Amino acid sequence: MEQKTVTLLIKCPDREGIIATLTGFFYKEGFNIISLQQYTNVREKKFFMRICLTTKQQITIGLEEKFDKLSKSFDIEWKIDYGDKKQKVAIMVSHTNHNLYDLLSKYKEGILPCEVVMVVSNHEKLRPVAEMFGIPYYYAPVNKETRNQQEAELKDLFDKNEIDLIVMARYMQILTSDFISHYPYRIINIHHSFLPAFQGANPYMRAYERGVKLIGATAHYATQDLDEGPIIEQDVERVTHESTVSTLKSIGADIETMVLSRAVKFHLNNQIIVDGNKTIVFPET
């Protein structure tokens, strides 16, 4: 039988013996541990673990039932990925194309382990980019009067296609709370500044006017609080007083592509545990 790889994400209150208990459980169930990463938040007394296991045995529902019984005694919240299918991804865009090009290029090169099912936009401008990569493109125009109807249609489209992850690659519309809550921690947004600074529209002009010495980008999970969801990844680059608004935008675009693709890859690789409004991101093994 072919060897299977299973990944578990675990979080719970910290207590003595938990690592021994968990590793002992998987040993008894016939698993081989190929990677174990753990972090303890001493201040908040919380324990987090990412564990990758291999087995040649047939995995049954009984395993989850046994682990669920164990988890109750340790107050464990857990998520399991059997690695038997690639996540289905929808990319949402508006006008700018740098993030879209980067994500589709990395997808086609196999750097992002997923299936990009569609590109959705409220404009027709980027259809040629999607078509160049052979990805279906859905035009979904929207305004204040049609927002609820448009989002209802998008939810139907995403659910029918069993979309696992939605990537807002500079989709310049504010999603409603109803839409976001339908996909909890399954929408990743890129913000073209180093949050929480310069939130909202036209951040590069405000950064220029403020005379910043660092320019950056932030990828985070979309939540009902605009641009305040759990941060997944950030990066910055130094700039000087000679930098113009145009220069800042160009530098920012490059940082955005790196930050967004990293965040998407972290999610696809099951490297992220959300804890309140923070994330624990384990390094790739």
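These legends describe a predicted model, first whole and then in close-up views.

The model is predicted: local features need pLDDT of at least 70, side-chain atom pairs count only at pLDDT 80 or more, and totals for chains, interfaces and linings use all residues. Residues are numbered from 1 along each chain as its sequence is written, and side-chain values use heavy atoms, with hydrogens and water left out.

**Figure 1. The whole protein has eight helices and 13 strands.**
Helices (H or I, at least four residues) and strands (E, at least two) are DSSP runs, numbered from the N terminus. The radius of gyration, taken over C-alpha atoms, is defined alongside a globule rule of 2.2 Å times the number of residues to the power 0.38. The protein has a radius of gyration of 21 Å, close to the 19 Å that this rule gives for 285 residues, so it is as compact as a globular protein of that length. Its C-alpha atoms fill a box of roughly 60 × 40 × 35 Å, taken along the principal axes. Of the 285 residues, 48% are buried. Buried means under 20% relative accessible area, exposed over 50%, and partly exposed in between (1.4 Å probe, protein chains only). Contact means heavy atoms within 4.5 Å. Among contacts between residues at least 6 apart in sequence, 67% join residues at least 24 apart.

**Figure 2. The surface and the charges of the protein.**
The protein exposes about 14,900 Å², and carbon and sulfur atoms supply 51% of that area. Accessible areas come from the Shrake-Rupley method with a 1.4 Å probe; for residues, only the protein chains shown count as cover. There are 34 positive and 37 negative charges, and their mean positions are 3 Å apart. Lys and Arg count as positive and Asp and Glu as negative, while His and the chain ends are not counted. Each charge is placed at NZ of Lys, CZ of Arg, CG of Asp or CD of Glu.

**Figure 3. Ile 91 and Val 264 touch the most other members of the largest nonpolar core.**
This core has 43 residues. Helix α8 (residues 245-268) gives the most to it, with ten residues. A nonpolar core is a set of buried Ala, Val, Leu, Ile, Met, Phe, Trp, Tyr and Cys residues joined through side-chain atoms within 4.5 Å. In soluble globular proteins, nonpolar side chains tend to be buried together. Beyond four places in sequence, the contacts of Ile 91 include Leu 100, Val 116, Met 118 and Val 167.

**Figure 4. Val 167 sits in strand β8 (residues 165-168).**
Val 167 is buried, at 2% relative accessibility. Leaving aside neighbours within four places in sequence, Val 167 is in contact with residues including Val 89, Ile 91, Leu 260 and Val 264. Glu 124 is 43 residues away in sequence, and the two C-alpha atoms are 18 Å apart in space.

**Figure 5. His 267 lies in helix α8.**
The relative accessible area of His 267 is 8%, so this residue is buried. Not counting residues up to four places away in sequence, His 267 touches Gln 87, Leu 165, Tyr 185, Ile 188, Tyr 221 and Ile 272.

**Figure 6. Arg 147 belongs to helix α5 (residues 147-160).**
Arg 147 counts as buried because its relative accessible area is 18%. Past four places in sequence, Arg 147 touches Val 142, Gln 173, Ile 174 and Thr 176. Thr 176 is 29 residues from Arg 147 along the chain, yet their C-alpha atoms are separated by 8.4 Å.

**Figure 7. Asp 75 and Arg 170 have positive phi values.**
Most residues other than glycine have a negative phi. Phi is near 55 degrees for Asp 75, and near 70 degrees for Arg 170. Asp 75 lies in the loop between α2 (61-74) and β4 (77-81). Arg 170 lies in the loop between β8 and α6 (177-182). Asp 75 is exposed, at 53% relative accessibility, whereas Arg 170 is buried, at 12%.

**Figure 8. Ser 243 and Lys 45 are both loop residues.**
Ser 243 is in the loop between β11 (231-238) and α8. Ser 243 is buried, at 11% relative accessibility. Not counting residues up to four places away in sequence, Ser 243 touches Tyr 208 and Leu 248. Lys 45 is in the loop between β2 (32-41) and β3 (46-55). Lys 45 is exposed, with a relative accessible area of 62%. With the same four places left out, Lys 45 touches Pro 13 and Asp 14. The C-alpha atoms of Lys 45 and Val 119 are separated by 42 Å.
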